[in-house]
Amino acid sequence: MGFWGMPLLLSCQSLSKSFGARPLFEDISLSISDGDRLGLIGPNGSGKSTLLRILAGSETPDAGSTAVRKMAKLGYVPQDVQFAAELSVLQIMQEAAPSEDGAARIPAALGQVGFENGDALAGSLSGGWKRRLAIARELVRQPDILLLDEPTNHPLARKAAQNGVVRQRNGEPRPLFSGECRNGYGRAGPALSGRPVSREGQLQ
Ligand SMILES: Nc1ncnc2c1ncn2[C@@H]1O[C@H](COP(=O)(O)OP(=O)(O)O)[C@@H](O)[C@H]1O
Ligand SMILES: [Mg+2]
């Protein structure tokens with residue numbers, strides 16, 4: 001249970017994963033409550049994307065379990081999202097939000113990540129704008145949790161992530177850690193492939 005008796009939004013217990021003989025990570029436990037922003041930090045190849053895929057339910061762990069609060073909607077933006085080049089931004093959003101309610105949320109979702117309109121073709125977007133579109137496409141579905149794998153650094157895209165967020169960066173754990181703290185990411189998860197800097201604790 002999280003604060004005030006609300007069940008945790010998302011948690012995992014003692015996750016372990018190997019590809020072949022090499023253990024990628026072992027015994028990872030974390031929990032995300034309403035309003036949390038959580039950063040996941042580790043060098044390249046340490047298993048951040050794999051952990052996010054496991055949390056998103058698209059990869060199975062070798063050991064351990066994950067739990068999502070009943071009825072909670074989980075959004076996930078993978079590291080590399082591809083769109084059909086001939087579709088417009090608006091068409092891609094409409095596919096993600098086919099209901100009338102959903103369609104009404106499209107302009108706001110696009111605005112949150114910095115699109116002024118939905119006219120551009122996906123094939124003409126730079127990598128950064130594709131990432132923003134991928135985030136907007138998840139936001140329009142109104143997820144309770146948004147898992148972002150290597151999100152763009154654009155402040156609008158950051159701001160867009162309002163709910164519980166697992167956010168990750170490459171590099172050495174410690175400095176990025178405090179950097180994230182100053183930027184308002186209030187809590188830190190395990191630092192993969194290295195000494196855990198903090199587990200479920202407050203940032204310094
Ligand atoms: N499906 C897979 N099969 C085999 N090896 C994989 C697979 N997915 C990831 N790996 C390996 O696991 C390691 C961690 O990958 P990844 O989770 O992408 O790390 P990160 O996101 O921290 O850079 C890498 O060495 C990668 O090659
Ligand atoms: Mg990765």
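This report walks through a predicted model of a protein chain with a ligand, from its overall layout to single residues.

## Overall layout

The protein chain holds 6 helices and 8 strands. Their order along the sequence is β-β-β-α-β-β-α-α-α-β-α-β-α-β, which makes a handy map for the sections below.

Of the 204 residues in the protein chain, 35% are buried. Among contacts with a separation of 6 or more, 67% link residues 24 or more positions apart.

## How far to trust the model

Before looking at details, a word on confidence. The mean pLDDT of the protein chain is 75, and 69% of the residues reach at least 70. Among its elements, α2 has the highest mean pLDDT, 98, while helix α6 (residues 173-182) has the lowest, 28.

Two stretches call for care. Residues 159-188 have a pLDDT below 50, and in the model this stretch makes 74 contacts beyond near neighbours in sequence. Residues 193-204 also fall below 50, with 22 contacts of that kind. Where pLDDT is low, the predicted coordinates should not be read in detail.

## The nonpolar core

The largest nonpolar core has 36 residues, and the members that touch the most others are L55, L110, A136 and L147. Two or more residues each come from strands β1 (10-19), β2 (22-32), β3 (37-41) and β6 (145-148), and from helices α1 (48-56), α2 (89-96), α3 (100-113) and α4 (127-139).

A136 gives a good view of the packing. Beyond its neighbours within four places in sequence, A136 is in contact with M93, A109, L110, Q112, V113 and F115. Three of these partners, A109, L110 and V113, are among the buried residues of α3.

L52, in helix α1, is another useful spot to visit. L52 counts as buried because it has 23 C-beta neighbours inside 10 Å, where 20 or more are needed. The C-alpha atoms of L52 and L147 are 7.0 Å apart in space, although their positions lie 95 residues apart in sequence.

## Helix α3 and its kink

Helix α3 is not straight throughout: a kink of about 35° lies at I106, shortly before the proline P107. I106 itself is buried, as are A109, L110 and V113 in this helix. Just after α3, G114 takes a positive phi of about 105°.

## Around the ligand

Which residues surround ligand 1? The shell is made up of F19, L24, G42, N44, G45, S46, G47, K48, S49 and T50. By class, it has 7 polar, 2 nonpolar and 1 charged residues. Helix α1 provides the largest share of this shell, with 3 residues.

## Two glutamates

E138 is found in helix α4. Is this glutamate buried or exposed? E138 is buried, because 23 other C-beta atoms lie within 10 Å. Leaving aside neighbours within four places in sequence, the contacts of E138 are G75, V77, P143 and L146. For the pair E138 and V77, the C-alpha atoms are 7.3 Å apart, with a sequence separation of 61 residues.

E150 lies in the loop between β6 and α5 (155-160). With 17 C-beta neighbours inside 10 Å, E150 counts as partly exposed, since that class falls between the limits of 12 and 20. Its C-alpha atom is separated by 9.0 Å from that of D80, which is 70 residues away along the chain.

## Positive phi outside glycine

Most residues other than glycine have a negative phi, so two backbone positions deserve a look. D27 has a phi near 60° and lies in strand β2. D27 is exposed because 11 other C-beta atoms lie within 10 Å, and the limit for that class is 12 or fewer.

M71 has a phi near 75°, again a positive value in a residue other than glycine. M71 sits in the loop between β4 (63-68) and β5 (74-77). With 6 C-beta neighbours inside 10 Å, M71 too counts as exposed.

Definitions and conventions: Residues numbered from 1 in each chain as written. Chains lettered and ligands numbered in written order. Predicted model: local features only at pLDDT ≥ 70, side-chain atom pairs only at ≥ 80, totals over all residues. Core = buried A, V, L, I, M, F, W, Y, C linked by C-beta atoms within 7 Å. Helix = DSSP H or I, 4+ residues; strand = E, 2+ residues; numbered from the N terminus. Contact = placed C-beta atoms within 7 Å. Near = placed C-beta within 6 Å. Nonpolar A, V, L, I, M, F, W, Y, C, P; charged D, E, K, R; others polar. pLDDT = per-residue confidence, 0-100. Bend = angle between axes of the 7 residues up to and from the residue.
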